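Biologist: I'd like a close look at one part of this model, taken slowly. Here is what I have on my screen.

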Amino acid sequence: MTLGYILMQNLRRNPSRTALTVVAFALPMAIFVAAISCVVALKEIGESNAKQLRLAVHDKTTLTNGLPERKRREIEALDPDRKRLRAVCGMRWFGGRVPDEQNTLTSLAADVDTFPVVYSDAGMTETDVEAWERERRACVVGRAIAEQYEWSVGDRVELHSTVPPYLALEFRVVKIMTNPSVANYFFFRRGYLEESLKEAGSENPICNVFWVKCHSVEDLRWLQVEIDRLFAGTSEATKTEDESVFKSRFTQAMGDLPGLMEAMAVVVVVIIALVAGNTMMMSFRERTRELAVFKAIGFASGRIFAIVLGESVLLSLMGALIGIVPTAAILLVFPVRRLNYGPISSLEVSSDAIIASFAIALTVGLVSGLWPAIQSLRLQTTDALRRVA
Amino acid sequence: MSAADIELREVRKSYYKDRLEIPVLQGLDLEIEAGEYVALMGPSGSGKSTLLHLLAGLDRPDGGSVRVGEAHLESMSERERTRWRSRHIGFVFQMYYLVPVLTAQQNVELPLLLFRMSSAERRERVGTALDVVGLTDRADHRPNQLSGGEEQRVAIARAIVTDPDVILADEPTGDLDAKTSSEILDLLQLLNSEFGKTIVIVTHDQRAADRARRLLHLDKGVFERDEARQASSAS
Amino acid sequence: MALPLRYHWLSLFARKTTTLLTILVIAAVVGVFGWMMGFHAALRDSLSVAGDSRKLIVIKRGSTAESNSAVSPEEFNRLHQLSDVQVDPETGERLISPEMLVQVSLPRLRDGGATFANVAVRGVTKSAFKVHQNVSFAGNRTLGSREVIVGRAAAEQFGGLEIGETINLGHGGIRPYEITGYFSADGGPMESEIWGDLHSLMNSYNRSRYSSASLRLGDGADAKSVLERIEGPAIQLTGATETDYWDGQAKWIRIYIGIAGGLVAVMSLAAVFSIANTMYSMVAGRTREVAMLRTIGYSGGQVLWGFVIESVLLSLIGGVLGCLACGAWLSLVGNTKDMFGATTFTTLAFKISMNWRIVLASLILVSVVGVCGALLPAVRAARLEIVAALREP
Ligand SMILES: Nc1ncnc2c1ncn2[C@@H]1O[C@H](COP(=O)(O)OP(=O)(O)O)[C@@H](O)[C@H]1O
Ligand SMILES: [Mg+2]
């Protein structure tokens, strides 16, 4: 009779309790794996952004105020030898919509020459870059958008701008970006936009953001200060931010879902710990006498300890399995990015998230079994045998 | 002060274990007059508890009839029997079965909550019942603050508080020492002699049996002996 | 209810740990539920205030919101053709308000200014106060050329908006405007805005076009037919009633609430299972007590009710605790929140608060959870074979 056998027998003894516990554990666990996936994904994006060493330069009062395109040269002039700064890419908000669709896409016109360098997370190969430079109407599209509208490389697509003067432009997809950090972006050549604006009679070459790619973190810090100093006091004062700070404006403004998810993850851990702890207390109380008998017939304390703790761990892992696997499967089959809701569009179950979820389940199992297990060590055989269940 | 007579005719009762029939009572006939004090003896497994449960309407016979007072239990629905039981039967268990979280007084009050009754009246009745069992001073104690004998007395108070016609006791002294047992038996006897209750007590204790006016021996589902005797009261 | 409440109460606490742990599970779920309800209510209140169906917001065709719309003065003037617009009894003019919307980035007070919000700055004329009827402002409605007034919600949540302070607006943020007063808008979205004089702001932002026009429909006018005329060849703009406008802007908010609601639903279900577990153990631990009650005349139904009541009691304690925790969280950690409209890119600020309706809703939810959790165990107790239970050792 192995320990495993005893454990299984114990769980089968009160099947309804085992089932209820497992389900009560599995449901919050399902939330946990989703929440932690979200957190992990955002962290990964944050890290990948941090690796990009980009600064966002925009108008001090608001993003919607454009800065004249000549600012790019002025920024570049701060570091003529390019020791600190690698490249600057100006971007202008287009706010395009697929005709007859409600969603405004995160569509931006970018400087053709520097975009592939500054947005290296777009993952453009040499041939991609060639196509991008050759084709006046080239656009690179994030995977979430491409999947939603079933676009593939070579397709001609049309977007209608939602900002004055509400241009309708045609593009040709040259690249689909798979990196999660750009899965919801649509980039095209700014030159094309400015020319079209000129044709429409509203020439006014401006950029909403200048992305400044730096060589190192120190360079980034230096430039962040220097750029703002350069323009301070002028009518074109700027604010220069880390990419993560810049983006947090948007996640915050969309309700701070990452914050909600983090809070949920904590609440969920508390709940499952309580659920598991509760079951272990009940099960221990009912079995006090039996454990005493084990002890009386010569089971080592360590073994009894292992029996109690093992049951808790086993229960937790079963609950985790039942909660995590279907959730992960669902998230894989129906990627949340289809919702096109900024903060969670990057939600994908990663192995990290799954490992983290199991680790939490294991920890909860251990912790909640610990108290009864310690109680079992203190069990006075004679006392317990006398105690009426 | 009320009492009921009891009449059993051809009562059969079997249990089934894995489709195997275990006959317990096999055509039992019995008449108990109102106000009688009957002791029921017999080896373990002979069907004493089963019989008591039938008398209380907790269970139904497979065949035959059980009449207690006006009630023909074999033809009553569970709901009717439950309602009837609350009014006509007082049951005393071997293990007392007091609610551990309630005081003696509250335990005794439990059956009264099924009646439309003012709380003043309830209090008065509980007071009387506790007085009968001699536990007025323990009214506010919890079961775990009482001795076994006291617990059983509370249980008896609970059984008589509704003023039932019949008191059924299943080995009420089975868990008590000799001295306490005799106190409990005195009490039951008092209920019989002073209040005229019909009492059926299951016991293994010869001394308990000796106090009864009538002694029934049950074995393998039939009465082996039925002795009427002069109760040697307070011997 | 046959058994006294005291009996249930005491029985619950006869098993302290189990009961306590279950209560805490429920409290955690209710805490989250309460917060979410508060959030939902705050938004709904705010948006329903905005939902004035007699008010039309007119924007440029092809734009999605006031913030990306540009309406030239000529286009604006064409609106005066509309006959179904209410007339101002004082001036005899039609109630059409030209407006310009820009944004200013302001620090959130909630996180000590670590993050910034895009706050809407609206250039208005005197007529705006008549079109937007829920806006109430005590001071002079002809705003000075270098002064702005601030919505109360904005003043509470974003930095630098005290009366007497100056805020730098205009292109490049070089034109200081003095804050001279606060206005309220019944908690609607305009309360998250800053208002200044239309012409002064247009000047500061080098703009020659308005963003939008708001107009108030005349008595008996049909919004739909007015909108058709606005979209027709004579005017060539587009618009929506304010109700529909905000409904469209609430898309992200709805997704957010959907997600939060889904999470709460899953957790409530977990709470049901957790309670069921506890109640099964309660029933199992009290078989003989139930048998005794049945013997002394309690019916199966009464026993069933007893356990349901016990479970609801347990849940209610958890519910009250959860509401308290949620209230404490809101008052200690913070109750302010802001969100973008789906396409406006301007911020809607609101305050989450516990009110009696939310507490009531939480307690109702928790009672339902309690009943659901108790049902199967209680049925088991009611169906208990008395005779068999009495025989148990
Ligand atoms: N639920 C049951 N299922 C099967 N057999 C039962 C059941 N209840 C009682 N019995 C059997 O019925 C017989 C009579 O039991 P009982 O009336 O309790 O005897 P006593 O009280 O005289 O000891 C015993 O043999 C017992 O095993
Ligand atoms: Mg027996």
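Which domains does the domain assignment give for chain C? Please take it from there and walk me through what chain C touches.

Modeller: Sure. Keep in mind that this is a predicted model. The domain assignment splits chain C into domain 1, made of 5-48 + 251-391, and domain 2, which covers 55-220. Their C-alpha centres lie 45 Å apart. Where the two meet, domain 1 of chain C puts in 15 residues and domain 2 of chain C puts in 19 residues. Together they bury about 1300 Å², with carbon and sulfur atoms giving 46% of that area.

If you want something to zoom in on, there is 1 salt bridge between domain 1 of chain C and domain 2 of chain C. Look for C:Lys351 and C:Glu156, whose side chains pair up with N to O at 2.5 Å. On the domain 1 side of this contact, helix H2 (16-50), strand S10 (336-340) and strand S11 (347-351) of chain C each bring at least two residues. S11(C) gives the most, with 5 residues. By residue type, that side of domain 1 of chain C has 6 nonpolar, 6 polar and 3 charged residues. Between the two domains, 1 residue pair is in polar contact, both at pLDDT 80 or more.

Now swing round to the contact with the neighbouring chain. Here 24 residues of chain C meet 25 residues of chain B, and the area buried between chain C and chain B is about 2100 Å², of which carbon and sulfur atoms give 68%. Within chain C, the residues that lose the most area to chain B are C:Met292, C:Thr295 and C:Ile296, together 26% of what that side buries.

There is 1 salt bridge across the interface of chain C and chain B: C:Arg294 pairs with B:Glu78, and their closest N and O atoms are 2.4 Å apart. You'll also find 6 residue pairs in polar contact across this interface, both residues at pLDDT 80 or more. On the chain C side, helix H1 (5-12), helix H10 (287-295) and helix H13 (386-391) each supply at least two residues, and H10(C) gives the most, with 6 residues. The chain C side divides into 13 nonpolar, 5 polar and 6 charged residues.

One word on confidence in the partner. Chain B averages a pLDDT of 90, and 97% of its residues score at least 70. Over residues 231-235 of chain B, though, pLDDT stays under 50, and the model has 6 contacts beyond four places in sequence for that stretch. Where pLDDT is low, the predicted coordinates should not be read in detail.

Note on methods
Residues are numbered from 1 along each chain as its sequence is written. Chains are lettered from A and ligands numbered from 1 in the order in which they are written. Side-chain values use heavy atoms; hydrogens and water are left out. pLDDT is the predictor's confidence in each residue, from 0 to 100. Contact means heavy atoms within 4.5 Å. Domain bounds come from an automatic or database domain assignment. Buried area is the accessible area (1.4 Å probe) that two parts lose on being put together, summed over both. A salt bridge is a side-chain nitrogen of Lys or Arg within 4 Å of a carboxyl oxygen of Asp or Glu. A polar contact is a pair of N or O atoms within 3.5 Å; within protein, one must be able to donate a hydrogen and the other to accept it, and residues adjacent in sequence count only if both atoms are side-chain atoms. Helices (H or I, at least four residues) and strands (E, at least two) are DSSP runs, numbered from the N terminus. Ala, Val, Leu, Ile, Met, Phe, Trp, Tyr, Cys and Pro count as nonpolar, Asp, Glu, Lys and Arg as charged, and the others, Gly among them, as polar.
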